[in-house]
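Here are my notes on the two-chain arrangement, set out as numbered points for your comments.

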Amino acid sequence: MSEPLVAVLDWIAVLCLLAGASLSLVAGVGLVRFPDLLSRMHTAAKPQVLGLLLVLVGIGLRIAPQETGVFNTGTLILVGLFQVLTVPVAGHIAARVAYRTGRIRDDLLVTDELAERIAERRGGGPPAGAGDRRV
Amino acid sequence: MQLPVALGMTLVWMLLFNGFQWREESLGLAVLGFGVSVLVTVVFPLPPIGPGLRLRPLNTLRLLAFVAVDMVMASFQVTRHVFAPGPPVRSSVIAVRLRTDSDLMLVFTSIALSAIPGSMVVEVEQPNRMLYVHALGAVDEEGAERARGGALKLEERIVRAIGTGRDIADLEAATAAGREDA
C-alpha cells in the first residue's frame, strides 16, 4: 500500500482507539456513579460494547497493511461478533437474578409493570414490596 | 445433521485460522473445518430451531445500519446520564408484548434491545411473548410509551429483515388488530 494511504489509515485507527478507550472510561465511571444494579447494566452493555468495537476497528485498520501472524481481521470480527451476542445475555441474567432476589431499589423505579404482573399472577393484591419478589 | 449449522461453524473455523487469505493450504483448511463441523453436529446434535429464518439482504442491511446508529446514540445518552449532576437517574420497568410467535425473533429482539438506547431486558415470559424491559431515564408515562414504541419498531425491523413469511403475516395481523382497538 502507498505511504499516504497508510498514514491516513493510521490516523483513523488512532481516532477509533481513542474514542473506544474514552467510551470504556465512561462505562467505568458509570459503574461507580449509578446507584443500582439495573442502571449499571446499561453502562456495561452499551458504551462498553461500542468502545470495544471501536478499539477492534482501530486495531484492524492498524494491522491491515502488515502481516503480524498473531491477529488477523478474521479474529477481530469473531471477537466483535461474540461480544455483541453474549454481553446482552450476561446483562440480562444479572438483571433477572437481581430482580428476583429483590436487590433493586423501588424508589428509583417510576412504574414497574413486572411487579404488577407478578402480584397479579399470585392472585390479586397490591404489588409485593422489595425483598419479596420471588415468584 | 443440520447443514446450515455446519456451514456456519466452517465459517468461524476459517475466520479463526485466517483461511480467507489465499495460501497453499487454504482449500485443505476449509475441507478440514467442514469435516470437524460435521463431526461436531453429528456427535452433539441440537434440536432444530423452530421455523428458522429467511434473510432479506436489503432489509438486513437497513436493520444493521439502524442498530449501529442507535448504538452510538445510546452510548451518548448513557454518557449524559453518567455525568449528569444531581440525584441519580430514575427509570421504569415496562411490559412489551411482541407480535410474532417465533423463538428466534424473540431472541434477536432481546439482544438488539439490550444494545440500543436506554433499554435492557429484565425478564422474558415466553408463552405470552412478553418482554419486561428496564428503560433508563423513562420517568413518566410519555417516556414509558416512547420506550415501548421503540421496542415494537425494532421488532418490526428485525422481522422484516430475517423473519419467515409467517412471522411477517403474524406481525401485520397483530398491527392491524392493534389499530382497530385504538
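How far apart do the C-alpha centres of domain 1 of chain B and domain 2 of chain B lie?

1. The C-alpha centres of these two domains of chain B lie 35 Å apart. Domain 1 covers 3–43 and domain 2 covers 57–181 of chain B, with bounds taken from an automatic or database domain assignment.

2. This is a predicted model, in which local features need pLDDT of at least 70 and side-chain atom pairs count only at pLDDT 80 or more, while totals for chains, interfaces and linings use all residues. Residues are numbered from 1 along each chain as its sequence is written, and chains are lettered from A and ligands numbered from 1 in the order in which they are written.

3. The contact between the chains draws 38 residues from chain A and 36 residues from chain B, two residues being in contact if their C-beta atoms, placed from the backbone, lie within 7 Å. On the chain B side, helix 3 gives the most, with seven residues (helices are DSSP runs of H or I, at least four residues, and strands are runs of E, at least two, numbered from the N terminus). By class, that side has 24 nonpolar, nine polar and three charged residues, where Ala, Val, Leu, Ile, Met, Phe, Trp, Tyr, Cys and Pro count as nonpolar, Asp, Glu, Lys and Arg as charged, and the others, Gly among them, as polar.

4. Helix 4 of chain A (residues 73–100) and helix 4 of chain B have axes that come within 9 Å and cross at roughly 85°; the axes are lines fitted to C-alpha atoms over the stretch in contact, and angles run from 0 to 180 degrees between N-to-C directions. The two helices are therefore roughly perpendicular to each other, a term for angles of 65 to 115 degrees.

5. In this crossing, A:V84, A:L85, A:P88, A:G91 and A:H92 meet B:S110, B:I111, B:S114 and B:A115, and the residues of this helix contact divide into five nonpolar, four polar and no charged.

Conventions
Parallel < 35°, antiparallel > 145°, perpendicular 65-115°, else oblique.
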